[in-house]
Amino acid sequence: METKIIKVTATDNKILQKAAELIRDGEVVAFPTETVYGLGANGLDAKASAKIYKAKGRPSDNPLILHICNTKMLAMVTDGLPQMALKIMTAFCPGPLTLVIRKKETVPDSITGGLATVGVRMPGNAIARKFIKLSGVPIAAPSANISGRPSPTTASAVYHDMKGRIPLILDGGASDFGVESTIIDCTEAVPVILRPGAVTKEMLEEIFDEVKIDPALTGKNEVPKAPGMKYRHYAPKAPMIVFEGEYTKVVSAMQNELKKYTAAGQKVGIIASSETLKDIGNNDCYDYGSRDDLYSIAANIYNALLYFDEKNSDIILAEGTPQDGIGLAIMNRLQKASGQNIIHV
Ligand code: TXA
Ligand code: MG
């Protein structure tokens, strides 16, 4: 199958209409969102969504998120919102978050992996919302990568994984946030973060007295409530070590490891902040932005992982970030990408 990439803005009605037709015909279309690119299909059509699982090589017990364009569309996916979900929607939607709520019967079990709940997301990206609106159905969409690989934040990264597997990629430029949406379970007494993202714990605490984090995100032996969080994920080809702690100590620990691996004849890739790279310098480096700007680090992190896949590095050394704000999401992805290979200095 030929895979077309078409550049698009939110006002390109003709192109978006064509993409929407493909969705109505039961096809799969990749599209931009403000978090990462999605691999979309009709979320009420089990057959269409099966094509997503096939294109990604995704395990069938891992449920898909349904993307909607406005609150009217909510009625297609749930019989009613709990108060908590309503409050979160009012504060943050459209935006980079997903609410887990009880599903309507008409949502196929194959999409929710047999769960009684469904993840619902109203993306902030205007192209995505227009595309969903023209399709007229909620769009099921996981990140548009092969299962287990880093999520794509550009159309060319989608093409790399999906070439020959889907008919169309809508190119809306680079994703703003670069990490997937915050998943919030709204079926418990208090909101529980199942996957950290750009809507942070701190932001939720401004509107709720208590916000929990799924214990599986920090404890090694717990089973995560978001099924996808149990898989090794976002993994680059090379093994990776993440360094976390006070900056000066991180820099010297990275320098030491770099020396060690270089002396052993290994090709070392380094992912770090502009500040750290001033000290380490002169190597195969990916500058993920300033330490003072965690949002720019988030936006670059998957590109950094993909960069070293191209370079065929033997080992990657990565600088961690503090776990405040969106830093929690960055560290969660680095933890998973490295298979928990974290050195605390
Ligand atoms: O930012 C995003 O959310 C992107 C863009 C494309 O919207 N999508 C995305 O989808 O990251 P995906 O499929 O790669 O990740 C969805 C995660 C998985 O870990 C899945 O297990 C979890 O959401 N999930 C989906 N439905 C759920 C449910 N009913 N209960 C708990 N977790 C759920
Ligand atoms: Mg994913």
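V268 sits across from I315, a residue of strand β15. That pairing belongs to a predicted model, in which strands β13 (residues 268-272) and β15 (residues 315-319) run parallel and are joined by four bridges. Here's a quick tour of the sheet around those strands, the helices that pack on it, and the nonpolar cores.

**The sheet**
- β13 and β15 are part of an open sheet of five strands, and reading across it you get β14-β13-β15-β12-β16, with parallel pairing.
- The edge positions go to β14 (284-287) and β16 (342-344); each has a single partner strand, so one side of each lacks a neighbour in the sheet.
- Going from one strand to the next, the twist averages 20 degrees.

**Helices on the sheet**
- Helix α8 (residues 247-263) lies across three strands, β12 (240-244), β13 and β15, and its direction is at about 170 degrees to β15.
- Helix α11 (residues 327-337) packs on the sheet too, touching β12, β15 and β16.
- Against β12, the direction of α11 makes an angle of about 145 degrees.

**Nonpolar cores**
- The largest nonpolar core counts 59 residues.
- If you want to look at its best-connected members, go for L39, I88, L99, F131 and L170, which have the most contacts inside that core.
- Helix α3 (residues 83-92) supplies the largest share of this core, with five residues.
- Another core, of 26 residues, lies apart from the largest one, and its members include V179, Y302, A304 and M331.

Technical notes
Residues numbered from 1 in each chain as written. Chains lettered and ligands numbered in written order. Predicted model: local features only at pLDDT ≥ 70, side-chain atom pairs only at ≥ 80, totals over all residues. Heavy atoms only, no water. Pairing = 2+ DSSP bridges. Helix = DSSP H or I, 4+ residues; strand = E, 2+ residues; numbered from the N terminus. Axes fitted to C-alpha atoms, helices over the stretch in contact; angles between N-to-C directions. Contact = heavy atoms within 4.5 Å. Core = buried A, V, L, I, M, F, W, Y, C linked by side-chain atoms within 4.5 Å. Buried < 20%, exposed > 50% of the residue type's maximum accessible area, 1.4 Å probe, protein only.
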